[in-house]
Amino acid sequence: MTFSGRHVSLPYLRIIYSVVLIILTAEKAVSIRFPDQISENVKASSNQPLKTAVFALGSFWRSEAVFGCLDGVVRTTAGYAGGSKANPEYRSWGDHAESVQIEYNPRLITFRQLLEVFWSSHDSRQVFGQGPDVGNQYRSIIFTNGTEELRLAAVSKDREQTASKSSIVTTQIQQLGKFCPAEPEHQKFELKRNPFLLQLMGNLPEDELEKSTLAAKLNGFAAELCPPKVQQQINARIEEIIRKGWPILREV
Ligand code: MHO
């Protein structure tokens with residue numbers, strides 16, 4: 001066989017073919033898998049160690065979306081906390097409250113700022129529920145880890161109580177105990193209601209979706225709970241991708 005006027009032997013051609021095949025397969029693998037998790041982990045470890053905060057402020061679908069969009073929030077998880085039941089489940093939560101666990105980079109966002117978002121994202125004066133949701137699992141709780149967080153939580157609660165005059169702020173402040181992650185169908189719930197967004201980020205497998213910073217952000221976006229400017233930015237980015245038909249959404 002000749003190739004560009006030269007004679008190329010069959011075994012040699014086979015080798016070339018295999019090499020091309022390997023390269024194409026690798027290319028394909030890269031274009032299908034979306035390793036946003038890898039870069040996030042590298043980012044997290046090369047910066048400051050992450051901190052964890054847990055809050056209860058009503059339905060955990062919404063709570064996860066409230067915090068997911070904030071800069072500095074690396075990961076969010078919906079779950080159960082504040083009670084003693086060993087293996088809480090959605091229909092059997094025992095004495096737990098629906099909660100969100102937030103992993104954040106303390107250089108980019110502080111516990112104090114998370115507290116502000118906590119107070120402004122629900123009505124801490126509601127008794128035995130939040131909004132349309134009635135029940136003890138929707139109670140308001142700040143979970144604290146250490147004396148400084150306890151102090152910040154108490155100061156912020158005093159401020160809220162002073163501001164709300166006649167009604168009682170029902171928020172409890174509790175030492176953080178065990179946080180039990182909720183079932184997969186409750187993670188990134190708002191995002192999962194939007195198959196188009198899931199597709200746009202490459203239909204990540206469940207375990208990657210749960211850990212993904214991008215998914216946490218888009219979960220907030222899907223619930224329209226990001227700050228207006230961020231909602232607009234994400235919208236513009238999505239429209240650009242739709243126009244071009246490419247690439248996949250890896251970060252916003
Ligand atoms: N209002 C919600 C509450 C869900 S929650 C995660 C509902 O549709 O039932 O408890």
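**Exercise 1. Find the segment that holds Pro247, then look at the peptide bond before it.**

Start at the C-terminal side of the chain's helix H10: Pro247 is found in the segment after H10. Keep in mind that this is a predicted model. Now step back to the bond that joins Trp246 and Pro247: this peptide bond is cis, with omega at about -10°.

While you're checking backbone angles, look at Phe128 too. Its phi is near 60°, a positive value in a residue other than glycine. Phe128 sits in the loop between H4 and strand E6 (129-130).

**Exercise 2. Work out the strand order of the six-stranded sheet and say which strands stand at the edges.**

Go across the sheet strand by strand and you get E9-E8-E3-E5-E4-E10; it is an open sheet, and the pairing is mixed. Next, check the two ends of that order. Strand E9 (172-175) and strand E10 (180-181) each have a single partner strand, so one side of each has no neighbour in the sheet.

Now zoom in on one pair. Strand E4 (residues 73-81) and strand E5 (residues 97-104) run antiparallel to each other, paired over eight bridges. To line them up by eye, put Ala81 opposite Ala97 in E5.

**Exercise 3. Describe how H4 and H5 sit on the sheet and against each other.**

Take H4 (residues 111-120) first. This helix lies across strand E3 (51-57), E4, E5 and strand E8 (140-144), and runs at about 15° to E3. Then take H5 (residues 147-164), which also packs on the sheet: it touches E3, E5, E8 and E9, and its direction makes about 150° with that of E8.

Next, put the two helices together. H4 and H5 pack at about 35°, and their axes are 10 Å apart. The crossing of H4 past H5 is right-handed. On the H4 side, the contact uses Phe111, Arg112, Leu115 and Trp119; on the H5 side, the residues include Glu149, Leu152, Ser156 and Glu160. Sort the contact of H4 with H5 by class and you count five nonpolar, one polar and five charged residues.

**Exercise 4. Compare the two packings of H9, one with H3 and one with H10.**

Begin with H3 (residues 60-68) and H9 (residues 213-222). Their angle is about 110° and their axes lie 7 Å apart. H3 and H9 are therefore roughly perpendicular to each other. The crossing of H3 past H9 is left-handed. Who does the touching? From H3, Glu64, Ala65 and Gly68; from H9, Ala216, Lys217, Asn219 and Gly220. In the contact of H3 with H9, that splits into two nonpolar, three polar and two charged residues.

Now turn to H10 (residues 228-244). H9 and H10 pack at about 105°, with 10 Å between their axes. That makes H9 roughly perpendicular to H10. Here Leu218, Gly220 and Phe221 of H9 meet Gln231, Ile234, Asn235 and Ile238 of H10. The class count for the contact of H9 with H10 is four nonpolar, three polar and no charged residues.

Put the two lists side by side: Gly220 of H9 turns up in the contact with H3 and again in the contact with H10.

**Exercise 5. Classify the ring pair of Phe60 and Tyr80, and say which elements the pair ties together.**

A search of the whole structure gives eight aromatic pairs. For the one formed by Phe60 and Tyr80, read off two values: 5.5 Å centre to centre and 70° between the planes. Planes over 60 degrees apart count as edge-to-face, and that is the class of Phe60 with Tyr80. Finally, place the residues: Phe60 is in helix H3 and Tyr80 in strand E4, so the pair ties together parts 20 residues apart in sequence.

Definitions and conventions. Residues are numbered from 1 along each chain as its sequence is written. This is a predicted model: local features need pLDDT of at least 70, side-chain atom pairs count only at pLDDT 80 or more; totals for chains, interfaces and linings use all residues. Side-chain values use heavy atoms; hydrogens and water are left out. Axes are lines fitted to C-alpha atoms, for helices over the stretch in contact, and angles run from 0 to 180 degrees between N-to-C directions. Helices (H or I, at least four residues) and strands (E, at least two) are DSSP runs, numbered from the N terminus. Angles under 35 degrees count as roughly parallel, over 145 as roughly antiparallel, 65 to 115 as roughly perpendicular and the rest as oblique. A crossing is left-handed if the near helix is turned anticlockwise from the far one by less than a right angle, and right-handed if clockwise. Contact means heavy atoms within 4.5 Å. Ala, Val, Leu, Ile, Met, Phe, Trp, Tyr, Cys and Pro count as nonpolar, Asp, Glu, Lys and Arg as charged, and the others, Gly among them, as polar. Two strands pair if DSSP finds at least two bridges between them. Rings of Phe, Tyr and Trp (its six-membered ring) pair if their centres lie within 6.5 Å; planes under 30 degrees apart count as stacked, over 60 as edge-to-face and the rest as tilted.
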